[in-house]
Amino acid sequence: MSDIKTALKIYRKLVEKGQLDRETEGDLFLEFRNVEVRSILAEFEDELDFKTIEVAGTLYLLPNMTNDVMGFTTKDIRESVATDARLVDAYLLSYISMFILFLFYGGRNRNPKQREFLRISKLIEELDRRFGMALADQEQVKVLEETYALNFTRIAELWESKQDYEERGRKTKTGTILNTCRLLERENLLRLVEEDRELRPTRKLDDLMLNYYLDDSRVDEIKQFFEGAEPDA
Amino acid sequence: MVTTNLEFLEGFEQRMRLVAAIDSIINRGNRKMEFERLFEPGQLDNIILSVLVFIMERTLTEDEDCKMESIANFVTQIMPDYSLDLTSEVTRKLTEYIIKDILQNGGEPRFYPIMQYGQGMEQLRIRLIDDKLIDVPRGYVLNYQLTDQGYDLLFRTKEVEQEISFTIEELKLRELIKRKNYKKAIGQSANLVQMIRQKKNDIRQFVQKVRENIYDVNIEEFERLVSSTYTLLEEEYGMMNEIRAMIVISEERLKEEETTRGALDEQMSKARSEIAVIRRNINLTIGEQKELILERLSLSRIYKETIADSFALSRARFYDFEQVILKPLERCDENKVPGLWRLLNPLFKPNPDRTLNLLTLFERQARLKQEEEGTKSIVLEELGEDTELHIITQLNNRNLDFIQGLLEFADRRRESFRFGEFFLDLENNSSTYQELTVDDLIFKTMLKLYDLQVIDLKKWKTQQEDVVANATGELDVSYCLYRLEYSHPDLYGIKKLEISKPDEQLFVQNLETQIGEETFSRRIAISDFRIEVSFE
């Protein structure tokens, strides 16, 4: 098979599943180490705005932050909340997703991974605390309110307005968290276990967080996202 | 006189490791008083240690999975010894408290400072049990087992000397068989099985540890494990076969005796059955040893690969997640909000179908519109649907409400019922009632269900494939069930609904509609279908 064909075959598998495992696709996986194939794939990466990383026998395709061809859109995120979800719901979902990642991988020492599992009740407690802090900081609330109509205070209020965690309806805290977790579960990043009362990161999430997402070299890109010009949604 | 020679403190950390393990039980964190106050002082410590012994027994001696249920059953079993009579729900919660909050420290690592003289203080991570996620149909279950530290604690608290080697255990067994002390030899052979299984568990846990977090693993640990396994295999394998040969000889002697005497006396018969148990244990040990040989090889491969990967990882520097992402997210410019998905983009699977799928060319085009709902003063992104698309969404939602209402009612009734009964019950929920009666949707949908005759939820659960959003607004039961499954994963425990028309009985209803100041009335007559419901 020509190198270009092999590269396309690898690319196709990666696009289909997001990853290529040596255990199930041994031959193709080894072809990735072929210099020619690798350089063709590198060109795909440049032109199609993605990255491939290899971690412990698995090859992953990661759309770059700015990739809206392969990646998600706000609409996708909103629809994962509900068909009638508002932008404020999408903000909350994004925040909860990031907060979950923070609780798992927010360690400041050599190993950023902080825990093996996270109970939903603990996550609610931590979110309550975080949102509570945001609402208590009157000065910050004032600054945010004066600057932006849609701001973190609104998100905190939306969270506070949700009923407590016994009920599982969409408009409760548990329901909102489960909605977020199910999105992450569909992406094979988390597993909901113990009758939806506990979260566990998948191997994929460990791999991606520790080998790419948390890498210091990404700081500029993230900073640019928050500080730079408004991106197209 | 000042003593300068501190040799007596060599290996001091070994002693402290035991203290650290015990501390994690006695000075447990995450205390929940609702459980603690159920017990007299010290009682819960006893129970926690008993749970650890149970996990060891279950995973080593019986070689069975150890799930939360089996641990809870064990706790129930020992409660009377503490003069406590707890409900099964409380026992289950107590077991969870022991496992998750105490022994697993709520998922967070627990450390204990240990002095290594000459090297300084070291933070020792305490983990007495470990768990393994197992995929089962429709979910995951957790299987618990002891870690090295857990075994170490239990062996030491039972005063089994740490130095006891496999060889000594074997020698004991050989001597016991020589002396025809088969009863003791049974226990001894069971010990061998336990030891070899423990070694196997060591390897599995090590592999898991390597895969999960290479930072928790050091080269000494790897070398110790590999060399100890290697020694165990090389030196002991022959001896095990030797013991098996002795057993065979013992059996032959008994056979000869039986032939000579015509029958075996009670004592001899007992010896024969004891020898059979020993032989089974020996065979088990040899079988496990073979498995161990294979696992040792894969252990080396995995370790080497992960080490290679970790070289790159050890050079990596990680940013502070809170400072770089979380805090900016909390002060985020509202213009950035529509683009927040970009933060998740690198973690999500590629989603090319949405943009590269040719079928999307034929999808209904939507006009953007301003949304107006909920919290005031929030500027919402202009994104929406044209009227027709909006109507389709509404229809889908109403159909979902109908199916949900029907299943809910069936769940409450727990027996077959008529459509009329369901309809009258629905009147109590005015918003759903309004939704479903406008355009007579409820009646049309009911006729469609009658057309289908059966909604087999059990079959649907086993056969469901990817469900696409219903683009027509027509009743699509599969789509409704798919959405319903999010809020009610068990679909109310219903197995099947069968819709039939057993007789000509009609359900007649007058419906009123208010348009402006005028009230319009219409009369609906529909067969009073019977809905049979069966549960799982």
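**Reading strands and a helix in a predicted model**

In this predicted model, A:Leu190 has A:Pro201, in strand 6 of chain A, as its bridge partner.

Biologist: How many bridges join strand 5 to strand 6 of chain A, and which way do the strands run?

Modeller: There are 4 bridges, and the two strands run antiparallel. Strand 6 covers residues 198–201.

Biologist: In what order do the strands of this open sheet in chain A stand?

Modeller: The order is 4-6-5, with antiparallel pairing among the 3 strands. Strand 4 (118–119) and strand 5 (190–193) of chain A are at the edges. Each has a single partner strand, so one side of each lacks a neighbour in the sheet.

Biologist: What does the rest of chain A hold in helices and strands?

Modeller: The whole chain comes to 11 helices and 6 strands. Of its 233 residues, 38% are buried.

Biologist: Now a helix. Why do residues three or four places apart point the same way?

Modeller: An α-helix has 3.6 residues a turn, so such residues share a direction. Now take helix 17 of chain B. Its buried residues include B:Ile442, B:Thr445, B:Met446 and B:Leu449. Seen down the helix axis, the buried residues fall within an arc of 105°, so they line one face.

Biologist: Which exposed residues does the face turned away from the buried side carry?

Modeller: That face of helix 17 of chain B carries B:Lys444 and B:Asp451.

Biologist: What span should helix 17 of chain B have?

Modeller: Its 12 residues, 441–452, should span 16 Å at 1.5 Å a residue. The end C-alpha atoms are 16 Å apart, which agrees. Just after the helix, B:Gln453 takes a positive phi of about 70°.

Definitions and conventions: Residues are numbered from 1 along each chain as its sequence is written. Chains are lettered from A and ligands numbered from 1 in the order in which they are written. This is a predicted model: local features need pLDDT of at least 70, side-chain atom pairs count only at pLDDT 80 or more; totals for chains, interfaces and linings use all residues. A residue is buried if 20 or more other C-beta atoms lie within 10 Å of its own, exposed if 12 or fewer, and partly exposed in between; C-beta atoms are placed from the backbone. The expected span of a helix is 1.5 Å times one less than its number of residues. The arc is that of the directions from the helix axis to the C-beta atoms. Two strands pair if DSSP finds at least two bridges between them.
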